[in-house]
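Subject: Handing over a structure, with notes

Dear colleague,

I am passing a structure on to you, and my notes on it come after the display. Please look through it at your own pace before reading them.

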Amino acid sequence: MNKNSIIALPNRHLRERSKRVGYISSEVKQLIDDMKAATLDWEDSREHEVGVALAAAQVEQLLRIIIVRDNFDDKNNREFSVFINPQISKYEGIIEEDYEGCLSVKDIYGKVPRHTKVKVKALDETGQPIRVTAEGFLARVFQHEIDHNNGIMFIDHIKDDPSAFFRLESDGKLIKLDYDKDIKDNPKLWQ
């Protein structure tokens with residue numbers, strides 16, 4: 001897989017619920033490797049962005065698998081952690097707005113309210129149960145990726161907020177979008 005394997009809205013599969021993984025087969029392990037390769041290939045094509053995570057639904061495989069970058073701040077660290085059948089077991093902290101983008105929502109960013117702390121349970125690549133307490137940006141990433149498993153996109157959380165949508169310019173700056181013109185009735189976003 002490469003960056004072209006990552007689907008974007010309005011692809012209908014992004015709006016579907018993914019299935020639980022019952023057995024971690026060689027095909028599942030290959031899918032995980034392919035997801036990592038596609039994320040890094042996407043990142044290599046973007047000057048101002050980092051591929052921090054990906055859900056299997058984004059490569060049109062409706063399985064509850066997400067990968068999350070081990071170090072968001074170091075683009076040279078190209079390692080990911082794998083979470084199979086991830087679930088948020090507890091929301092904590094406060095709800096804060098911050099910017100989010102998505103490899104499957106082309107060129108649109110949003111200021112999305114999310115909890116600042118979550119507890120996540122999942123299986124690792126070997127099928128062993130794991131539990132993670134995530135805070136700050138990592139908590140945001142988990143909420144975003146686990147939403148993908150349920151057919152939910154970040155734009156769904158802000159669809160009625162005209163002030164929440166932005167576009168990344170070629171110089172790396174975010175500029176506010178015209179909600180009525182660019183977002184409200186955009187058929188690529190809402191189906």
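The notes below take up the nonpolar cores, then one buried residue, and then the pockets.

Please keep in mind throughout that this is a predicted model.

Nonpolar cores

The largest nonpolar core consists of 19 residues, and those with the most contacts inside it are I6, I32, M35, L54, I65, I67 and I84. Helix 1 (26-44), strand 2 (65-69) and strand 3 (80-102) each contribute at least two residues to this core, and the largest share, 7 residues, comes from helix 1. If you would like one residue from which to explore this core, M35 may serve, since leaving aside residues up to four places away in sequence, M35 touches L54, A55, A56, V59, I65, I66 and I67. There is also a second, separate core, which has 17 residues and includes L14, C102, V105 and V112.

A buried threonine

T116 belongs to strand 4, which covers residues 105-123. Is T116 buried or exposed? The relative accessible area of T116 is 18%, and T116 therefore counts as buried, because the cut-off for that word is under 20%. When residues up to four places away in sequence are not counted, T116 touches E92, G93, I94 and E96, and also A134, E135, G136 and A139.

Pockets

The largest pocket holds about 740 Å³ of space. It is lined by 31 residues, of which E49, V50, G101, C102 and Y109 are the closest to its centre; C102 is also one of the residues of the second core. Strand 3, strand 4 and helix 2 (136-149) each supply at least two residues of the lining of this pocket, and by class the lining divides into 17 nonpolar, 6 polar and 8 charged residues.

The second largest pocket holds about 270 Å³ of space, and among the 15 residues that line it, the closest to its centre are I88, Y91, I146, D147 and N150. For this second largest pocket too, strand 3, strand 4 and helix 2 each supply at least two lining residues. Which element gives the most to the lining of the second largest pocket? That element is strand 3, with 5 residues, while the lining as a whole has 6 nonpolar, 5 polar and 4 charged residues.

With kind regards

Methods
Residues are numbered from 1 along each chain as its sequence is written. This is a predicted model: local features need pLDDT of at least 70, side-chain atom pairs count only at pLDDT 80 or more; totals for chains, interfaces and linings use all residues. Side-chain values use heavy atoms; hydrogens and water are left out. A nonpolar core is a set of buried Ala, Val, Leu, Ile, Met, Phe, Trp, Tyr and Cys residues joined through side-chain atoms within 4.5 Å. Buried means under 20% relative accessible area, exposed over 50%, partly exposed in between (1.4 Å probe, protein chains only). Helices (H or I, at least four residues) and strands (E, at least two) are DSSP runs, numbered from the N terminus. Contact means heavy atoms within 4.5 Å. On a 1 Å grid over the protein atoms alone, a cavity is a set of points where a 1.4 Å probe fits but cannot get out, and a pocket is an open set with protein on both sides within 12 Å along at least five of seven lines; lining residues have an atom within 4 Å of a point. Grid points are joined across faces, edges and corners, and a volume is the space filled by probe spheres set on the points. Ala, Val, Leu, Ile, Met, Phe, Trp, Tyr, Cys and Pro count as nonpolar, Asp, Glu, Lys and Arg as charged, and the others, Gly among them, as polar.
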